[in-house]
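Please open the model in your viewer and keep the selection panel at hand. The tour below goes from one selection to the next and says what is to be found at each stop.

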Amino acid sequence: MTWLLALDHKRVGILYMLSALLFFFAGGMEAMVMRAQLAAPNLKLISPEIYNQMFTMHGTTMIFLVAMPVLTGFGVYLVPLMIGANQTALPRLGAACFWLQLVGGVLLYSSFATGAAPSAGWFSYAPLSEKPFSPGAGVDFWAFALLLIAASSIGSAINLIVTIATERAPGMIMRLVPLFVWMTFVASIMIVFALPALGASLVLLLSDRLLVAHFFDPSQGGAPLLWQHYFWIFGHPEVYIVVLPAFGMISEIIPVFSRKPIFGYPFVATSTVAIAFLSYGVWVHHMFAVALGRNFLAVFAAASMLIAVPTGMKIFSWIATMWGGAIRFTTAMMFAVAFLLEFTVGGLSGVAFATVPVDWRLTDTYFVVAHIHYVLFGGTVFALLAAVHYWFPKMSGRMMDERLGRWSFWLIVLGFNTAVFVLHFLGLIGMPRRVYTYPNLPWFGPLNLISTIGAAILVFGILLFCCNVAMSFFFGVEAGDDPWNAWTLEWAAASPPALQNFTQVPQVRSRRPLWDLKHPEAPDWMVS
Amino acid sequence: MAMFLISEAVFFFLLILAFAYFGSMPRRIAPVGWFFAALLLLSGLSMWRAAAGSRLWRCITIALGIAFLIYQAILIGNTFLIGNTFFILAGIHGLHILGGLIALAIGPASALRPTALYWYFFVLVWLAIVLVIYFRSAA
């Protein structure tokens, strides 16, 4: 009961994470249904209609009900602790946004009860999503649910922005805040600018479907392309909204387990801002297959390639941080290193897509599916797994089991790469995505079977990870306040932190306030 | 509030752009439209006085807001009848005005400053809509 009315940022954060986990199971099951259906050529386990609902719900769930809420949860939980505050600036707004988000998720899933879950894909292109082509109530549920979720995301982003702007500990200027806080700050500002574009497109779509408007109906003077423009003006920044906080987590974890401060803090922070600006100028690369004119394509292709530069800078900063460090390979660090590799694969296929002719060849094939899963699973989810192993002792007061952790790590790495890497080849030999089955062409059957087996291994890995979390919560070794010998302020609070995080905030004079506290003979602010 | 208004600005910018692009706007502004736009602008001025703490000006702002809302309701009914989708844009703006009126009527004194900011913003949004219609019909 105290959880239902909780305003404390730590409880709201954990509620966010738990709801995301719940929907992660739902989205994972949808993925497994699809992989089972695709295991062999000409299988007929489920109908094409159900298959369409599965990939639509899988995509929508994983983006809006898993990735965004879990990152918001980590932000709401960690940001006040990291900046030495006792609470977020707008605690009631923060709690209300969580419940709004949950209502949105439940609304989306209640569409199954009408027998017609949304089935127009997670980006619901018009005119497919219009009434004549999607007559069921599914798309209406989808649009209303996403309106609620968009409003909730904007609210929680405002909460985080105001918290970071006003609640920092004395002495903590913006040049000294931890990088996770920096990246959450930038991602939140991006939410404020990007999510209204989703809201506007949804309002227009709903007017078309439920009122008398014809915005996306070409026979009445509307333009289906408008949907694509508006949706991707939201959609591409969205990619960075769900990956920047993950970058932030990696920027906290790698230095601690390499026993070195982050290499090039100013570059990591400013390249984040560069990514934020560039991400608003690349949306057309989702639409290269639309005939838009050569100069148009050239500009957006160049911008899309440009965005690889600040992203690459971060990768090199992380590698340089590890270089020559005394690396401790805990499970958290292993996931962080795996993140570097997996995310780089996703980034490279992204640069391939920025090349217009390559995009024309590969658009709407499984190559796209492979790319987005390397970015969002290999990137965001691996960073999240690292983050759970790293911050679990702080949140629960107990350590996670390292042996189980290692097993789940190798199962997840093996399963994920087996499941998704072969999709690159399937895309290259021309298998289109979003089709419920395929004929028995050379290689199609074996490669798909490999992918399905990989997905099954991945499920075991994830389940093992969940077992580890549950068992460690009850039987784990006591963690103490600072089990990793870390440097940021959250480790100065108790584990788990009391309702009031800090009775006394340490003096902040550098980027590593706890290091200064532990090493009064050589504090950072003396050196730099 | 400023952050919230930024996101609202993006939202209305894209909506107005879509409506203007497809010509889903009224073709001209009747004199009564100018009158009520001016009325709403006046309510922005009275809100400025109300934000300084005057109860009287607060009541005047609410009265002007209600008058504008009634005009907007009639406008929405008319455009709906002739099949023009402009009523959607006007309706979304009207809902925001209604939200502002509620905050103004029952909000605590501490909420007055952000409410005023909110009010100015939506006065400006309506002016933007009216001007877009005017320049489109003039062109």
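Two residues are taken to be in contact if their C-beta atoms, placed from the backbone, lie within 7 Å. With that cut-off, residues 24 or more positions apart account for 71% of the contacts in chain B with a separation of 6 or more. Please keep in mind throughout that this is a predicted model.

**Chain B as a whole**

Select chain B and colour it by secondary structure: there are five helices and zero strands, and the order along the sequence reads α-α-α-α-α. The radius of gyration of chain B is 15 Å, close to the 14 Å that the globule rule gives for 139 residues, so chain B is as compact as a globular protein of that length. If you align the view with the principal axes, the C-alpha trace of chain B spans about 45 × 30 × 25 Å, and 35% of its 139 residues count as buried.

**Helix H5 of chain B**

Next, select residues 112–138 of chain B, which form helix H5. At 1.5 Å a residue, the 27 residues of this helix should span 39 Å, and the distance of 39 Å between its end C-alpha atoms agrees with that. Show the side chains of its buried residues, among them Trp119(B), Phe121(B), Phe122(B), Trp126(B) and Ile133(B), and then add their surroundings, where the cover includes H1, helix H2 (31–51) and H4 of chain B.

**Helix H4 of chain B**

Move on to helix H4 of chain B, residues 86–106. Its 21 residues should span 30 Å at 1.5 Å a residue, and its end C-alpha atoms are 31 Å apart, which agrees. The buried residues of H4(B) include Phe86(B), Phe87(B), Gly94(B), Ile97(B), Gly100(B) and Leu104(B). Which helices do the buried residues of H4(B) pack against? They pack against H1, helix H3 (55–81) and H5 of chain B, together with H5 of chain A.

**Where the chains meet**

Now display both chains and select the residues in contact between them: 15 residues of chain B meet 21 residues of chain A. On the chain B side, helix H1 (2–21) and helix H4 (86–106) each supply at least two residues, and the largest share, 10 residues, comes from H1(B). Coloured by class, this side of chain B shows 11 nonpolar, three polar and one charged residues.

**Chain A and the core**

Hide chain B and turn to chain A, which has 17 helices and zero strands. Its radius of gyration of 23 Å agrees with the value near 24 Å that a compact globule of 528 residues would have, and its C-alpha trace spans about 75 × 50 × 50 Å along the principal axes. Of the 528 residues of chain A, 54% count as buried.

The largest nonpolar core has 208 residues, and those with the most contacts inside it are Met190(A), Ile250(A), Ile253(A), Phe335(A), Ala336(A) and Ala386(A). Centre the view on Ile250(A), which, leaving aside residues up to four places away in sequence, touches Trp318(A), Ala336(A), Phe339(A), Ala383(A) and Ala386(A).

**A last stop in a loop**

Finally, select Pro170(A), in the loop between helix H4 (138–166) and helix H5 (179–210) of chain A. Is Pro170(A) buried or exposed? Pro170(A) counts as exposed because it has 8 other C-beta atoms within 10 Å, the limit for an exposed residue being 12 or fewer. From here, draw a distance to Gly461(A): the two residues are 291 residues apart in sequence and 43 Å apart in space, C-alpha to C-alpha.

Definitions and conventions:
Residues numbered from 1 in each chain as written. Chains lettered and ligands numbered in written order. Predicted model: local features only at pLDDT ≥ 70, side-chain atom pairs only at ≥ 80, totals over all residues. Helix = DSSP H or I, 4+ residues; strand = E, 2+ residues; numbered from the N terminus. Nonpolar A, V, L, I, M, F, W, Y, C, P; charged D, E, K, R; others polar. Core = buried A, V, L, I, M, F, W, Y, C linked by C-beta atoms within 7 Å. Buried ≥ 20, exposed ≤ 12 C-beta atoms within 10 Å, placed from the backbone. Expected span 1.5 Å × (residues − 1). Rg over C-alpha atoms; globule rule 2.2 N^0.38 Å.
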